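Work through the three exercises below with the sequence and the model in view, and try each task before reading its solution.

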Amino acid sequence: MVVEFSDIAAAAQRIRGKVVYSPCPASIPLSLATGMEIHCKLDNLQRTGSFKERGACNALQLLGTAEQQRGVIAASAGNHALGLTYHARLLGIPVTVVMPRTAPLTKVVNCRQMGGEVILHGEDFETARQEALRLQAERGLTLIHGFDDPAVIAGQGTMGLEILEQVPDVEAIIVPIGGAGLIAGVALAVKTLKPDVLIIGVEPDRVASYAAAVVAGHPVMVAARPTLADGLAVPQVGHNAFAVARPLVDHTVVVREQDVALAVLRLVELERAVVEGAGAASLAACLAGLVPELRGRKVVLPLSGGNIDTTILGRILERGLARDGRLCQFTAIISDRPGGLAAFAALIADEGASIKHIEHERTFMEGDLSTVTVRCVVETRDAGHIRELRERLARDGYSALFTESGPATGHAN
Ligand SMILES: Cc1ncc(COP(=O)(O)O)c(C=O)c1O
């Protein structure tokens, strides 16, 4: 085996005092929301905002003096770059990171501020990885792979050790999968000490590279479509990571974009935690009903990262609100006579909904000149409230078409 349990135990000693031993508290609101006994492993509280410091810190310390002096390079969707840059700086090791141009700004800026040389290359992780390999050879640097380096996998496994110390009677851990380094390390640590604990993987349906590897029997390249869980947008899982994880992981599930958005929203509202899409994927799986066998059981969700652009956070929260039935959008045909808009707005107010945005369209309409189309975004309480609004519009003779986004959709009449 490329990684042994003893490597994880040694990594735990090596990173002690350098990487935050993150809390793993129980969450009553999330337990109520999911019907499980939820604990959250708060690795979003690491100094660079993600668990990736664990592997980076371990791998950097294992380098020889000459390698440390020449410097290291990595390709990263962002979080490995941050963790590596931070710990390389503490150790005085020069660091170059290649990120796809699509990497969140916050990750790029923070890396540069910590003194890393950041190269933006290509639109996806794979292209960035190819460039990192080219530069490694050209400059004689040491490549520290973000999910397939055995020392990185061992470092990530320390999260599993901590979870068992903090929640000794844990029954399941739901681990987000990008390149599969985290799940490999956690599964090896946990299954060695407590084989009965379920290890369930979660990945976005837009880049389900672990599921594809399971079907093929080995890592294969899948098309990577952009996802809110940008940290998980890895088109091919690592060979070492897969070899370690495959026999130990019980099963995996895939989450949709709207499930991730809702999970980010829930974490802000219920846990007051800013968590990026990748870090919210485990909760997304629970909320979407993808792990019904865990009802009533003690489950740990690693909130694996919190690096999210503020603008993206705003957009994700709005999507989450739409998914939750607390924002809805529809077009309606109303009278263009004086008072037509006022009557329409009064009806919406009477239903207890609040207009967030409204827009008239006169020019490009066909037919009746006495009517006008309005496009509305309205704040509602929940899916039931949207249904009531829709029924009321139909009852009062409005033809309204609701946009499909949340649970309540369809025509008013
Ligand atoms: C926040 C976050 N969670 C989970 C993962 C998945 O880790 P791995 O690539 O080791 O599977 C990543 C990967 O970058 C990440 O950034």
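Helices (H or I, at least four residues) and strands (E, at least two) are DSSP runs, numbered from the N terminus. Residue numbers start from 1 along each chain as its sequence is written. The model is predicted, and local features need pLDDT of at least 70, side-chain atom pairs count only at pLDDT 80 or more, while totals for chains, interfaces and linings use all residues.

**Exercise 1.** Find which element gives the largest share of the shell around the ligand, and work out where the ligand lies with respect to domain 1 and domain 2.

Solution. Begin with the shell itself, where a residue is near a molecule or strand if its C-beta atom, placed from the backbone, lies within 6 Å of it. The ligand is surrounded by 21 residues, and the closest are Gly178, Gly181, Gly231, Ser304 and Gly305. Two or more residues of this shell come from each of α5 (79-91), α9 (181-193) and α13 (277-287), and the largest share, three residues, belongs to α9. Finally, with domain bounds taken from an automatic or database domain assignment, domain 1 (5-51 + 149-322) and domain 2 (52-143) both give residues to the shell, so the ligand lies between them.

**Exercise 2.** Determine which residues of helix α1 (residues 5-15) are buried, and which elements they pack against.

Solution. A residue is buried if 20 or more other C-beta atoms lie within 10 Å of its own, exposed if 12 or fewer, and partly exposed in between, with C-beta atoms placed from the backbone. By this count Asp7, Ile8, Ala11, Ala12, Arg14 and Ile15 of α1 are buried. The next step takes the arc of the directions from the helix axis to the C-beta atoms; these residues cover only 165 degrees, which puts them on the same side of α1. The face turned away from that side carries the exposed residues Ser6 and Gln13. Using contact (C-beta atoms, placed from the backbone, within 7 Å), the buried residues of α1 pack against α3 (52-61), α8 (150-166) and α9.

**Exercise 3.** Ala180 and Arg272 each have a positive phi in a residue other than glycine; decide for Ala180 whether the residue is buried or exposed, and do likewise for Arg272.

Solution. Take Ala180 to begin with, in the loop between β6 (172-176) and α9, where phi is near 85 degrees. Ala180 has 34 other C-beta atoms within 10 Å and is therefore buried. Arg272 sits in the loop between α12 (257-271) and α13, with phi near 50 degrees. Because Arg272 has 7 other C-beta atoms within 10 Å, Arg272 is exposed.

Conventions: Contact = placed C-beta atoms within 7 Å.
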